[in-house]
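Visitor: I'd like a close look at one part of this protein, the first helix and what surrounds it. Could you walk me through it and then show me how it sits in the rest of the chain?

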Amino acid sequence: MKKILVIGSLNLDMVVNVDHTPATGETILSNNMEMIPGGKGANQACAAGYLGADITMLGAVGCDMYADIQMASLGSAGVDTSRIIKRTETTTGTALITVNSDGDNCIVVVSGANATLSCSDIDDNIDLLKEADLIIFQLEIPLETVCYGAKKAKALGKTVILDPAPVPKEFPKELYRYVDIIKPNETELRMLTGIDRIESHLPEASRQLRSQGVKNILVTLGEKGVYVDSEEAGICRIPAIPVDAIDTTAAGDSFTAALAVMLAEGKSLQEAAVFANYVSAIVVTRKGAQSSIPTLQEVQQYIQHIEAEKAS
């Protein structure tokens with residue numbers, strides 16, 4: 001199997017369940033808080049590990065209990081954590097997450113050690129980039145580091161996948177030139193392109209990203225499915241799988257990871273996206289970030305169940 005490298009963030013998620021998302025100035029009560037390993041990069045690495053990939057994580061944590069929880073979670077998923085950098089001068093990143101009764105979330109990220117991952121860290125671990133076949137980035141580490149790492153990866157002939165979240169106010173247009181596959185959700189695509197009512201203007205938004213140099217665009221649209229604009233296969237829509245969503249945390253991260261895993265196995269982009277759609281459908285029916293990620297066997301059983309229902 002081809003090797004996957006995730007370069008990105010590691011957080012400890014502090015998750016609070018609420019009846020509704022609080023409005024500005026509103027105080028509401030919750031009955032519990034859970035501490036769950038998260039961070040977009042770590043979520044993606046964990047998902048790839050559970051799906052059976054040869055996966056390595058490059059990122060930074062503090063020397064604290066949050067890091068211990070995160071490392072244990074990644075290790076249990078089979079992720080190579082030997083290159084995760086431990087910083088003594090800062091804490092592990094944290095995320096404060098509220099999840100409402102509809103399963104929708106709001107997230108505030110405290111970057112911590114994630115903000116220290118530098119271009120020199122990329123250089124110090126260049127052997128990982130050389131050994132990997134697919135390299136995944138997100139935007140919870142410094143943009144300069146992402147651009148530098150993606151440029152290095154592209155120069156080495158690697159497949160570069162970008163999950164453009166969170167979208168910064170000033171997105172570095174240079175980054176597009178180094179990206180083979182970009183996977184925004186509906187909101188992120190609107191922020192990247194400035195186009196409102198994205199659902200009605202997906203081809204226009206996709207063309208805009210293509211004009212910047214991106215070869216393949218996948219847009220996750222929640223209950224409206226997935227929009228795929230592939231350089232090779234053209235445009236298609238993948239319908240959503242009807243589920244009762246409990247918590248959407250890590251759904252996008254798991255989709256990205258599953259996509260990479262299937263590409264590493266030689267599947268086409270469309271085939272990979274169909275599989276990733278099943279994975280994210282499972283994730284939204286479970287609570288938490290890494291705690292919601294299914295194993296490959298669970299996904300295979302779920303697909304068989306869905307196909308059997310369709311046939312009956």
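Guide: Happy to; we'll begin with the helix and then work outward through the chain. Please keep in mind that this is a predicted model.

Let's start with helix H1, which spans residues 40-50. Of its 11 residues, 10 are buried, so the helix is largely enclosed by the rest of the structure. The buried residues are Lys40, Gly41, Ala42, Asn43, Gln44, Ala45, Cys46, Ala47, Ala48 and Gly49. You'll notice that a lysine, Lys40, is on that list.

What does the covering of those buried residues include? Among the strands, there are E1 (3-7), E3 (33-38), E4 (54-58) and E9 (134-137). Two helices also take part, H2 (65-76) and H8. Just after H1, the backbone has a feature of its own: Gly52 takes a positive phi of about 95 degrees.

Helix H8 is a good place to go next, since it helps to cover H1. H8 runs over residues 251-264, and Ala264 is found in it. Ala264 is buried, with a relative accessible area of 6%. Leaving out residues up to four places away in sequence, Ala264 touches Met1, Lys2, Ile4 and Leu134. For a sense of distance, Ala264 and Leu10 are 254 residues apart in sequence, and their C-alpha atoms are 23 Å apart in space.

The loop that leads from strand E14 (234-238) to H8 holds Ala250. Although Ala250 is not a glycine, its phi is positive, at about 75 degrees. Ala250 is buried, with a relative accessible area of 8%.

Arg197 also has a positive phi without being a glycine, in this case about 50 degrees. Arg197 lies in the loop between helix H6 (186-193) and helix H7 (202-211). With a relative accessible area of 60%, Arg197 is exposed.

One more backbone detail is worth finding on your screen. The peptide bond from Ala165 to Pro166 is cis, with omega near -5 degrees. Pro166 is in the loop between strand E10 (159-162) and strand E11 (181-182).

Now for the aromatic side chains. A search of the whole structure finds 2 aromatic pairs. In one of them, the ring centres of Phe171 and Tyr176 are 4.7 Å apart and the planes meet at 35 degrees, so the pair is tilted. Both Phe171 and Tyr176 are buried. Tyr278 and Tyr302 form an edge-to-face pair, with 6.3 Å from centre to centre and 80 degrees between the planes. Tyr278 lies in helix H9 (residues 269-283) and Tyr302 in helix H10 (residues 296-311), so this pair ties together parts that are 24 residues apart in sequence. Tyr278 is buried, with a relative accessible area of 8%, and Tyr302 also counts as buried, at 18% relative accessibility.

Helix H5 (residues 143-155) offers another buried spot, at Thr145. The relative accessibility of Thr145 is 3%, so this threonine counts as buried. Setting aside neighbours within four places in sequence, Thr145 is in contact with Leu117, Ser118, Cys119 and Ile122.

There is open space to look at as well. The second largest pocket has a volume of about 370 Å³. Of the 17 residues that line this pocket, the closest to its centre are Ile181, Asn216, Glu232, Leu263 and Leu269. By class, the lining has 5 nonpolar, 5 polar and 7 charged residues. The pocket also brings us back to H8, as Leu263 falls within residues 251-264 of that helix.

Let's step back to the whole chain. Its secondary structure comes to 10 helices and 14 strands. The radius of gyration is 18 Å, close to the 20 Å that the globule rule gives for 312 residues, so the chain is as compact as a globular protein of that length. Along the principal axes, the C-alpha atoms fill a box of roughly 55 × 50 × 40 Å. Of the 312 residues, 53% count as buried. Among contacts between residues at least 6 apart in sequence, 68% join residues at least 24 apart.

Back at our starting point, that is the setting for H1: a helix with 10 of its 11 residues buried, with strands E1, E3, E4 and E9 and helices H2 and H8 among the elements that cover them.

Note on methods: Residues are numbered from 1 along each chain as its sequence is written. This is a predicted model: local features need pLDDT of at least 70, side-chain atom pairs count only at pLDDT 80 or more; totals for chains, interfaces and linings use all residues. Side-chain values use heavy atoms; hydrogens and water are left out. On a 1 Å grid over the protein atoms alone, a cavity is a set of points where a 1.4 Å probe fits but cannot get out, and a pocket is an open set with protein on both sides within 12 Å along at least five of seven lines; lining residues have an atom within 4 Å of a point. Grid points are joined across faces, edges and corners, and a volume is the space filled by probe spheres set on the points. Ala, Val, Leu, Ile, Met, Phe, Trp, Tyr, Cys and Pro count as nonpolar, Asp, Glu, Lys and Arg as charged, and the others, Gly among them, as polar. Rings of Phe, Tyr and Trp (its six-membered ring) pair if their centres lie within 6.5 Å; planes under 30 degrees apart count as stacked, over 60 as edge-to-face and the rest as tilted. Buried means under 20% relative accessible area, exposed over 50%, partly exposed in between (1.4 Å probe, protein chains only). Helices (H or I, at least four residues) and strands (E, at least two) are DSSP runs, numbered from the N terminus. The radius of gyration is taken over C-alpha atoms; the globule rule is 2.2 Å times the number of residues to the power 0.38. Contact means heavy atoms within 4.5 Å.
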